[in-house]
Amino acid sequence: MDAKRVLWISASPQTPSEGRNSPWSFEYRPPDRAIDQLRHTHYDAAVLDFPMPDWLPDDLFEEVQRFAPTTPVLIRDPQAKVSDAVRLVRLGVCGFLDADDRVYEQISRAIEERSSRDLVRLVEHVAREDWEDLLVGDSPEIRQVAHLIRMVGGRRATVLITGETGTGKEIAARALHLAGPRRRGPWVAVNCSALPENLLEDELFGHVRGAFTGAIQARAGRFEQAQGGTLFLDEIGDMPLELQAKLLRVLQEREFQRLGSSETIRADARVVAATNCDLTDRVREGRFREDLYYRLNVVPIQMPPLRQRRSDISLLARYFVDKICRIEEIPVKSISLEAADRLCSYSWPGNVRQLENAVEMATALSGERPVLGPGDFPMPVPARTPVLPEAHLIAVPDGGLDYAQTLAWIERSILDQALQKTGGNKQAAADMLHLKRTTLSAKVKSLESLAASN
(Lines give C-alpha, C1' and ligand atoms only; values in the text may rest on other atoms or scores of the structure.)
Protein backbone atom coordinates (compact mmCIF):
# COMPACT_ATOMS: atom_id res chain seq x y z
CA MET A 1 0.00 0.00 0.00
CA ASP A 2 1.25 3.46 -0.85
CA ALA A 3 2.21 5.55 2.16
CA LYS A 4 -0.51 7.98 3.21
CA ARG A 5 0.05 11.09 5.30
CA VAL A 6 -2.48 11.77 8.04
CA LEU A 7 -2.36 15.00 10.03
CA TRP A 8 -3.49 14.33 13.59
CA ILE A 9 -4.44 17.64 15.25
CA SER A 10 -4.56 17.38 19.03
CA ALA A 11 -3.66 19.28 22.17
CA SER A 12 -2.04 16.11 23.55
CA PRO A 13 0.92 14.48 21.73
CA GLN A 14 -0.69 11.06 21.54
CA THR A 15 -1.67 9.26 18.37
CA PRO A 16 -3.66 5.99 18.21
CA SER A 17 -1.74 2.76 18.71
CA GLU A 18 -2.65 1.59 15.21
CA GLY A 19 -1.05 4.69 13.75
CA ARG A 20 2.35 3.55 14.94
CA ASN A 21 2.01 0.12 13.33
CA SER A 22 0.21 0.99 10.10
CA PRO A 23 1.94 1.68 6.77
CA TRP A 24 0.63 5.23 6.97
CA SER A 25 2.43 8.22 8.38
CA PHE A 26 0.61 9.87 11.30
CA GLU A 27 1.96 13.35 12.05
CA TYR A 28 0.98 14.98 15.36
CA ARG A 29 0.57 18.75 15.41
CA PRO A 30 -1.11 21.12 17.87
CA PRO A 31 -3.80 23.31 16.21
CA ASP A 32 -1.72 26.42 15.44
CA ARG A 33 1.21 24.48 13.99
CA ALA A 34 -1.15 22.21 12.07
CA ILE A 35 -2.84 25.14 10.34
CA ASP A 36 0.55 26.57 9.40
CA GLN A 37 1.61 23.15 8.08
CA LEU A 38 -1.49 22.91 5.88
CA ARG A 39 -0.42 26.05 4.02
CA HIS A 40 2.39 24.22 2.22
CA THR A 41 1.99 20.47 2.84
CA HIS A 42 -0.48 18.00 1.32
CA TYR A 43 -2.14 15.42 3.57
CA ASP A 44 -4.39 12.54 2.56
CA ALA A 45 -6.58 13.02 5.64
CA ALA A 46 -6.83 15.08 8.83
CA VAL A 47 -8.14 14.09 12.26
CA LEU A 48 -9.34 16.67 14.79
CA ASP A 49 -8.93 15.15 18.25
CA PHE A 50 -11.04 17.06 20.82
CA PRO A 51 -11.27 18.55 23.36
CA MET A 52 -8.80 21.32 22.49
CA PRO A 53 -8.46 24.55 24.48
CA ASP A 54 -9.51 27.70 22.61
CA TRP A 55 -10.98 25.77 19.68
CA LEU A 56 -14.55 24.70 18.88
CA PRO A 57 -15.05 21.85 16.37
CA ASP A 58 -16.86 24.11 13.87
CA ASP A 59 -14.14 26.78 13.95
CA LEU A 60 -11.19 24.39 13.62
CA PHE A 61 -12.92 22.42 10.86
CA GLU A 62 -13.57 25.60 8.87
CA GLU A 63 -9.95 26.68 9.33
CA VAL A 64 -8.64 23.31 8.11
CA GLN A 65 -10.97 23.40 5.11
CA ARG A 66 -9.84 26.92 4.25
CA PHE A 67 -6.28 25.72 3.60
CA ALA A 68 -7.06 22.12 2.55
CA PRO A 69 -10.54 22.10 0.97
CA THR A 70 -10.10 18.67 -0.67
CA THR A 71 -8.64 16.88 2.37
CA PRO A 72 -11.13 14.56 4.14
CA VAL A 73 -11.53 15.52 7.80
CA LEU A 74 -12.62 13.23 10.64
CA ILE A 75 -13.33 14.13 14.25
CA ARG A 76 -12.76 12.26 17.48
CA ASP A 77 -14.69 13.82 20.35
CA PRO A 78 -16.07 11.67 23.20
CA GLN A 79 -18.05 14.68 24.46
CA ALA A 80 -19.86 15.36 21.18
CA LYS A 81 -23.66 15.43 21.23
CA VAL A 82 -25.79 13.85 18.53
CA SER A 83 -26.92 17.25 17.26
CA ASP A 84 -23.30 18.47 17.08
CA ALA A 85 -22.22 15.41 15.11
CA VAL A 86 -25.10 15.70 12.66
CA ARG A 87 -24.39 19.40 12.11
CA LEU A 88 -20.69 18.81 11.46
CA VAL A 89 -21.38 15.98 9.02
CA ARG A 90 -23.71 18.27 7.12
CA LEU A 91 -20.95 20.90 7.03
CA GLY A 92 -18.62 18.39 5.38
CA VAL A 93 -16.95 16.31 8.11
CA CYS A 94 -16.42 12.81 6.72
CA GLY A 95 -17.08 10.92 9.94
CA PHE A 96 -16.45 10.44 13.64
CA LEU A 97 -13.78 8.10 14.99
CA ASP A 98 -14.65 5.74 17.80
CA ALA A 99 -12.37 2.93 19.05
CA ASP A 100 -8.66 3.14 18.31
CA ASP A 101 -8.64 -0.31 16.73
CA ARG A 102 -10.84 0.98 13.87
CA VAL A 103 -8.96 4.20 13.21
CA TYR A 104 -7.10 2.88 10.16
CA GLU A 105 -10.30 1.42 8.65
CA GLN A 106 -12.35 4.56 9.22
CA ILE A 107 -9.73 6.92 7.80
CA SER A 108 -9.28 4.66 4.77
CA ARG A 109 -13.02 4.75 4.10
CA ALA A 110 -13.10 8.53 4.45
CA ILE A 111 -10.37 8.89 1.82
CA GLU A 112 -12.20 6.53 -0.56
CA GLU A 113 -15.50 8.31 -0.03
CA ARG A 114 -13.97 11.73 -0.68
CA SER A 115 -12.32 10.44 -3.88
CA SER A 116 -15.66 9.08 -5.06
CA ARG A 117 -17.50 12.33 -4.28
CA ASP A 118 -14.85 14.36 -6.06
CA LEU A 119 -15.20 12.17 -9.13
CA VAL A 120 -18.96 12.73 -9.12
CA ARG A 121 -18.52 16.49 -8.84
CA LEU A 122 -16.09 16.54 -11.74
CA VAL A 123 -18.60 14.91 -14.06
CA GLU A 124 -21.63 16.95 -12.97
CA HIS A 125 -20.97 19.35 -15.83
CA VAL A 126 -22.43 16.73 -18.17
CA ALA A 127 -25.90 17.73 -19.36
CA ARG A 128 -28.68 15.82 -17.64
CA GLU A 129 -29.96 14.29 -20.85
CA ASP A 130 -26.44 13.04 -21.62
CA TRP A 131 -26.22 10.65 -18.65
CA GLU A 132 -24.57 8.01 -20.84
CA ASP A 133 -21.47 10.19 -21.04
CA LEU A 134 -20.91 9.41 -17.37
CA LEU A 135 -20.21 5.77 -18.27
CA VAL A 136 -16.94 6.08 -20.17
CA GLY A 137 -16.15 3.01 -22.24
CA ASP A 138 -17.37 0.85 -25.09
CA SER A 139 -16.79 -2.67 -23.74
CA PRO A 140 -19.67 -5.18 -23.68
CA GLU A 141 -19.57 -5.03 -19.87
CA ILE A 142 -20.10 -1.28 -19.62
CA ARG A 143 -22.66 -1.36 -22.46
CA GLN A 144 -24.65 -3.87 -20.40
CA VAL A 145 -24.60 -1.50 -17.43
CA ALA A 146 -25.82 1.32 -19.68
CA HIS A 147 -28.57 -0.93 -21.06
CA LEU A 148 -29.86 -1.73 -17.56
CA ILE A 149 -29.81 1.94 -16.55
CA ARG A 150 -31.69 2.85 -19.72
CA MET A 151 -34.32 0.18 -18.94
CA VAL A 152 -34.96 1.13 -15.31
CA GLY A 153 -33.95 4.80 -15.20
CA GLY A 154 -37.55 5.96 -15.52
CA ARG A 155 -38.91 3.40 -13.05
CA ARG A 156 -39.31 3.61 -9.31
CA ALA A 157 -37.90 0.11 -8.70
CA THR A 158 -35.16 -0.12 -6.08
CA VAL A 159 -31.71 -0.85 -7.54
CA LEU A 160 -28.76 -2.58 -5.87
CA ILE A 161 -25.38 -1.75 -7.41
CA THR A 162 -22.54 -4.12 -6.50
CA GLY A 163 -18.88 -4.19 -7.41
CA GLU A 164 -15.38 -3.78 -6.07
CA THR A 165 -14.13 -0.54 -4.57
CA GLY A 166 -13.30 2.00 -7.24
CA THR A 167 -15.44 0.54 -10.04
CA GLY A 168 -17.76 3.57 -10.21
CA LYS A 169 -20.86 2.47 -8.30
CA GLU A 170 -21.77 6.04 -7.34
CA ILE A 171 -21.31 7.18 -10.94
CA ALA A 172 -23.76 4.47 -12.05
CA ALA A 173 -26.21 5.58 -9.35
CA ARG A 174 -25.92 9.17 -10.54
CA ALA A 175 -26.60 8.02 -14.11
CA LEU A 176 -29.73 6.22 -12.87
CA HIS A 177 -30.91 9.44 -11.29
CA LEU A 178 -30.35 11.41 -14.49
CA ALA A 179 -31.88 8.76 -16.77
CA GLY A 180 -35.48 9.32 -15.67
CA PRO A 181 -38.00 11.98 -14.69
CA ARG A 182 -36.62 12.12 -11.13
CA ARG A 183 -33.61 14.01 -12.46
CA ARG A 184 -35.69 17.14 -11.83
CA GLY A 185 -35.72 16.26 -8.12
CA PRO A 186 -32.88 16.23 -5.59
CA TRP A 187 -29.96 13.80 -5.51
CA VAL A 188 -29.15 12.85 -1.91
CA ALA A 189 -26.30 10.51 -0.95
CA VAL A 190 -25.62 8.86 2.42
CA ASN A 191 -22.62 6.73 3.37
CA CYS A 192 -23.98 4.12 5.77
CA SER A 193 -20.54 3.38 7.23
CA ALA A 194 -19.60 6.97 8.07
CA LEU A 195 -21.81 7.35 11.16
CA PRO A 196 -22.67 5.15 14.17
CA GLU A 197 -26.18 3.72 14.39
CA ASN A 198 -27.84 6.49 16.44
CA LEU A 199 -26.47 9.23 14.19
CA LEU A 200 -27.27 7.32 11.00
CA GLU A 201 -30.91 6.88 12.05
CA ASP A 202 -31.22 10.61 12.66
CA GLU A 203 -29.44 11.31 9.37
CA LEU A 204 -31.96 9.18 7.44
CA PHE A 205 -35.21 10.09 9.17
CA GLY A 206 -34.56 13.43 10.89
CA HIS A 207 -35.97 14.48 14.26
CA VAL A 208 -38.38 16.86 15.91
CA ARG A 209 -37.48 19.45 18.53
CA GLY A 210 -36.79 17.84 21.90
CA ALA A 211 -36.40 14.32 20.48
CA PHE A 212 -33.10 13.97 22.36
CA THR A 213 -30.67 16.07 24.33
CA GLY A 214 -29.40 18.84 22.10
CA ALA A 215 -32.28 18.67 19.59
CA ILE A 216 -33.13 22.35 19.92
CA GLN A 217 -34.86 22.47 16.55
CA ALA A 218 -36.47 20.07 14.10
CA ARG A 219 -34.45 18.69 11.20
CA ALA A 220 -35.50 16.91 8.03
CA GLY A 221 -33.74 13.62 7.34
CA ARG A 222 -32.30 12.41 4.07
CA PHE A 223 -35.48 10.56 3.08
CA GLU A 224 -37.42 13.78 3.43
CA GLN A 225 -34.76 15.82 1.60
CA ALA A 226 -34.84 13.34 -1.31
CA GLN A 227 -38.61 13.64 -1.89
CA GLY A 228 -39.28 13.52 -5.62
CA GLY A 229 -35.70 12.54 -6.35
CA THR A 230 -33.19 9.79 -5.56
CA LEU A 231 -31.72 8.62 -2.24
CA PHE A 232 -28.38 6.85 -2.69
CA LEU A 233 -27.39 4.55 0.20
CA ASP A 234 -23.70 3.74 -0.18
CA GLU A 235 -21.99 0.94 1.79
CA ILE A 236 -25.42 -0.52 2.61
CA GLY A 237 -23.78 -3.73 3.84
CA ASP A 238 -22.44 -1.83 6.88
CA MET A 239 -25.86 -0.69 8.08
CA PRO A 240 -26.61 -1.95 11.65
CA LEU A 241 -29.21 -4.73 11.91
CA GLU A 242 -31.69 -2.73 13.99
CA LEU A 243 -31.66 0.08 11.45
CA GLN A 244 -32.04 -2.44 8.62
CA ALA A 245 -35.46 -3.35 10.04
CA LYS A 246 -36.54 0.30 9.98
CA LEU A 247 -35.28 0.76 6.42
CA LEU A 248 -37.20 -2.36 5.36
CA ARG A 249 -40.42 -0.88 6.73
CA VAL A 250 -39.87 2.36 4.82
CA LEU A 251 -39.30 0.46 1.58
CA GLN A 252 -42.40 -1.68 2.16
CA GLU A 253 -44.82 0.94 3.48
CA ARG A 254 -43.37 3.98 1.69
CA GLU A 255 -43.66 6.03 4.86
CA PHE A 256 -41.57 6.95 7.92
CA GLN A 257 -41.53 9.09 11.05
CA ARG A 258 -39.00 11.59 12.34
CA LEU A 259 -37.32 10.66 15.62
CA GLY A 260 -39.54 11.71 18.52
CA SER A 261 -42.61 12.18 16.32
CA SER A 262 -45.79 10.16 15.72
CA GLU A 263 -46.56 11.99 12.48
CA THR A 264 -46.26 9.79 9.40
CA ILE A 265 -44.46 11.24 6.37
CA ARG A 266 -44.97 9.75 2.93
CA ALA A 267 -41.68 8.61 1.36
CA ASP A 268 -41.45 9.61 -2.29
CA ALA A 269 -37.78 8.94 -2.97
CA ARG A 270 -36.36 6.36 -5.32
CA VAL A 271 -33.80 4.27 -3.37
CA VAL A 272 -30.55 3.13 -4.98
CA ALA A 273 -28.14 1.16 -2.77
CA ALA A 274 -24.54 0.11 -3.35
CA THR A 275 -22.03 -2.19 -1.69
CA ASN A 276 -18.62 -3.69 -2.38
CA CYS A 277 -19.28 -6.73 -0.18
CA ASP A 278 -21.18 -9.94 -0.94
CA LEU A 279 -24.54 -9.42 0.74
CA THR A 280 -25.50 -13.09 0.30
CA ASP A 281 -22.54 -14.02 2.48
CA ARG A 282 -23.61 -11.46 5.08
CA VAL A 283 -27.14 -12.88 5.01
CA ARG A 284 -25.75 -16.36 5.74
CA GLU A 285 -23.61 -14.92 8.55
CA GLY A 286 -26.65 -13.22 10.10
CA ARG A 287 -25.22 -9.74 9.54
CA PHE A 288 -27.76 -8.62 6.93
CA ARG A 289 -31.50 -9.21 6.80
CA GLU A 290 -32.58 -11.57 4.05
CA ASP A 291 -35.92 -9.79 3.53
CA LEU A 292 -34.13 -6.43 3.16
CA TYR A 293 -31.69 -7.96 0.67
CA TYR A 294 -34.55 -9.07 -1.59
CA ARG A 295 -36.29 -5.72 -1.19
CA LEU A 296 -33.15 -3.88 -2.28
CA ASN A 297 -32.13 -6.32 -5.00
CA VAL A 298 -35.18 -5.73 -7.20
CA VAL A 299 -32.92 -4.66 -10.07
CA PRO A 300 -29.28 -5.76 -9.62
CA ILE A 301 -26.50 -3.96 -11.46
CA GLN A 302 -22.97 -5.39 -11.25
CA MET A 303 -20.18 -2.91 -11.94
CA PRO A 304 -17.35 -4.83 -13.65
CA PRO A 305 -13.77 -4.50 -12.39
CA LEU A 306 -11.40 -2.72 -14.74
CA ARG A 307 -9.44 -5.92 -15.46
CA GLN A 308 -12.59 -7.32 -17.08
CA ARG A 309 -13.01 -4.34 -19.41
CA ARG A 310 -9.46 -3.79 -20.63
CA SER A 311 -10.67 -2.35 -23.93
CA ASP A 312 -11.97 0.66 -21.94
CA ILE A 313 -8.64 1.48 -20.24
CA SER A 314 -7.30 3.67 -23.06
CA LEU A 315 -10.62 5.52 -23.37
CA LEU A 316 -10.74 6.13 -19.63
CA ALA A 317 -7.12 7.28 -19.50
CA ARG A 318 -7.65 9.80 -22.28
CA TYR A 319 -10.88 10.96 -20.65
CA PHE A 320 -9.06 11.58 -17.36
CA VAL A 321 -6.17 13.39 -19.10
CA ASP A 322 -8.60 15.74 -20.85
CA LYS A 323 -10.54 16.34 -17.63
CA ILE A 324 -7.44 17.02 -15.52
CA CYS A 325 -5.92 19.36 -18.11
CA ARG A 326 -9.21 21.25 -18.31
CA ILE A 327 -9.42 21.61 -14.53
CA GLU A 328 -5.76 22.66 -14.24
CA GLU A 329 -6.21 25.02 -17.22
CA ILE A 330 -3.16 23.65 -19.05
CA PRO A 331 -2.75 22.56 -22.68
CA VAL A 332 -4.28 19.16 -23.33
CA LYS A 333 -1.74 16.32 -23.30
CA SER A 334 -1.87 13.06 -25.22
CA ILE A 335 -0.88 9.48 -24.35
CA SER A 336 1.61 7.60 -26.52
CA LEU A 337 0.71 4.18 -27.92
CA GLU A 338 3.46 2.60 -25.82
CA ALA A 339 2.06 4.20 -22.66
CA ALA A 340 -1.47 3.09 -23.57
CA ASP A 341 -0.21 -0.48 -24.05
CA ARG A 342 1.46 -0.32 -20.65
CA LEU A 343 -1.75 0.85 -19.01
CA CYS A 344 -3.76 -1.91 -20.71
CA SER A 345 -1.34 -4.60 -19.53
CA TYR A 346 -1.77 -3.73 -15.84
CA SER A 347 -4.43 -5.47 -13.70
CA TRP A 348 -5.58 -2.30 -11.81
CA PRO A 349 -6.59 -3.81 -8.45
CA GLY A 350 -7.90 -0.36 -7.44
CA ASN A 351 -9.99 -0.20 -10.61
CA VAL A 352 -11.07 3.09 -12.25
CA ARG A 353 -10.17 5.15 -9.20
CA GLN A 354 -6.58 3.84 -9.26
CA LEU A 355 -6.32 4.55 -12.99
CA GLU A 356 -7.48 8.12 -12.48
CA ASN A 357 -4.91 8.64 -9.72
CA ALA A 358 -2.15 7.26 -11.95
CA VAL A 359 -3.16 9.57 -14.80
CA GLU A 360 -3.33 12.58 -12.49
CA MET A 361 0.16 11.84 -11.13
CA ALA A 362 1.57 11.37 -14.63
CA THR A 363 -0.01 14.62 -15.82
CA ALA A 364 1.33 16.54 -12.83
CA LEU A 365 4.89 15.18 -13.06
CA SER A 366 5.26 15.40 -16.83
CA GLY A 367 5.90 19.14 -16.70
CA GLU A 368 5.38 20.85 -20.02
CA ARG A 369 5.82 17.72 -22.13
CA PRO A 370 2.78 17.37 -24.40
CA VAL A 371 2.91 13.55 -24.60
CA LEU A 372 2.74 11.09 -21.70
CA GLY A 373 5.07 8.12 -22.26
CA PRO A 374 5.49 4.71 -20.57
CA GLY A 375 7.94 6.18 -18.07
CA ASP A 376 5.22 8.44 -16.70
CA PHE A 377 3.34 5.36 -15.48
CA PRO A 378 5.74 3.44 -13.21
CA MET A 379 3.27 0.77 -12.03
CA PRO A 380 4.56 -2.84 -12.16
CA VAL A 381 3.33 -4.89 -15.10
CA PRO A 382 2.28 -8.40 -14.03
CA ALA A 383 3.89 -11.38 -15.66
CA ARG A 384 1.80 -13.07 -18.33
CA THR A 385 2.88 -16.58 -17.31
CA PRO A 386 1.85 -18.14 -13.99
CA VAL A 387 4.42 -18.37 -11.25
CA LEU A 388 4.69 -22.03 -10.22
CA PRO A 389 6.15 -23.22 -6.90
CA GLU A 390 9.47 -24.94 -7.03
CA ALA A 391 9.27 -28.69 -6.46
CA HIS A 392 11.77 -28.69 -3.61
CA LEU A 393 9.60 -26.39 -1.49
CA ILE A 394 7.55 -29.44 -0.45
CA ALA A 395 9.76 -32.28 0.69
CA VAL A 396 8.46 -35.75 1.54
CA PRO A 397 10.11 -36.89 4.80
CA ASP A 398 11.36 -40.44 5.25
CA GLY A 399 8.45 -41.15 7.56
CA GLY A 400 5.93 -40.01 4.93
CA LEU A 401 3.21 -37.35 5.21
CA ASP A 402 -0.57 -36.96 5.20
CA TYR A 403 -1.24 -36.32 1.51
CA ALA A 404 -4.80 -34.96 1.92
CA GLN A 405 -3.86 -32.74 4.84
CA THR A 406 -0.85 -31.32 2.98
CA LEU A 407 -2.94 -30.51 -0.10
CA ALA A 408 -5.56 -28.87 2.11
CA TRP A 409 -2.85 -26.75 3.75
CA ILE A 410 -1.52 -25.62 0.34
CA GLU A 411 -5.02 -24.84 -0.94
CA ARG A 412 -5.90 -22.86 2.19
CA SER A 413 -2.65 -20.88 1.87
CA ILE A 414 -3.50 -19.94 -1.72
CA LEU A 415 -7.06 -18.92 -0.82
CA ASP A 416 -5.92 -16.88 2.19
CA GLN A 417 -3.35 -15.01 0.09
CA ALA A 418 -5.91 -14.18 -2.61
CA LEU A 419 -8.46 -12.96 -0.04
CA GLN A 420 -5.82 -10.88 1.71
CA LYS A 421 -4.71 -9.24 -1.54
CA THR A 422 -8.32 -8.36 -2.43
CA GLY A 423 -9.29 -7.12 1.03
CA GLY A 424 -11.63 -10.05 1.66
CA ASN A 425 -13.62 -9.53 -1.56
CA LYS A 426 -14.54 -13.06 -2.65
CA GLN A 427 -15.47 -12.10 -6.19
CA ALA A 428 -12.12 -10.40 -6.73
CA ALA A 429 -10.25 -13.32 -5.14
CA ALA A 430 -12.12 -15.76 -7.37
CA ASP A 431 -11.19 -13.72 -10.45
CA MET A 432 -7.56 -13.69 -9.34
CA LEU A 433 -7.54 -17.50 -9.08
CA HIS A 434 -9.66 -18.03 -12.22
CA LEU A 435 -12.46 -19.60 -10.18
CA LYS A 436 -16.17 -18.98 -9.90
CA ARG A 437 -17.14 -17.11 -6.75
CA THR A 438 -19.40 -19.97 -5.68
CA THR A 439 -16.50 -22.42 -6.12
CA LEU A 440 -14.20 -20.28 -4.00
CA SER A 441 -16.83 -19.89 -1.27
CA ALA A 442 -17.42 -23.66 -1.24
CA LYS A 443 -13.69 -24.35 -0.94
CA VAL A 444 -13.30 -21.90 1.95
CA LYS A 445 -16.27 -23.43 3.77
CA SER A 446 -15.00 -26.98 3.17
CA LEU A 447 -11.52 -26.16 4.45
CA GLU A 448 -12.94 -24.42 7.53
CA SER A 449 -15.04 -27.50 8.31
CA LEU A 450 -11.98 -29.72 7.87
CA ALA A 451 -9.93 -27.55 10.21
CA ALA A 452 -12.71 -27.58 12.82
CA SER A 453 -12.96 -31.38 12.70
CA ASN A 454 -9.21 -31.69 13.29
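Val-396, Leu-401, Tyr-403 and Leu-407 make up a nonpolar surface patch, and together they offer about 430 Å² of accessible area. A patch here takes residues with over 30% relative accessible area and no salt bridge, joining like charges within 9 Å and nonpolar side chains (Val, Leu, Ile, Met, Phe, Trp, Tyr) within 5 Å. A salt bridge means a side-chain nitrogen of Lys or Arg within 4 Å of a carboxyl oxygen of Asp or Glu. Areas are Shrake-Rupley values with a 1.4 Å probe, and for residues only the protein chains shown count as cover.

This is a predicted model, where local features need pLDDT of at least 70, side-chain atom pairs need 80 or more, and totals for chains, interfaces and linings use all residues. Residues are numbered from 1 along each chain as its sequence is written, and side-chain values use heavy atoms, leaving out hydrogens and water.

Now for two loop residues. Buried means under 20% relative accessible area, exposed over 50%, and partly exposed in between (1.4 Å probe, protein chains only). Helices (H or I, at least four residues) and strands (E, at least two) are DSSP runs numbered from the N terminus.

| Residue | Loop between | Relative accessibility |
|---|---|---|
| Val-396 | strand S16 (371-372) and helix H16 (403-421) | 61%, exposed |
| Ser-336 | strand S15 (334-335) and helix H14 (337-345) | 15%, buried |

Leaving aside residues up to four places away in sequence, Ser-336 touches Val-371, Leu-372, Gly-373 and Pro-374; a contact is heavy atoms within 4.5 Å.

As for the whole chain, it has 18 helices and 16 strands, and 48% of its 454 residues count as buried.
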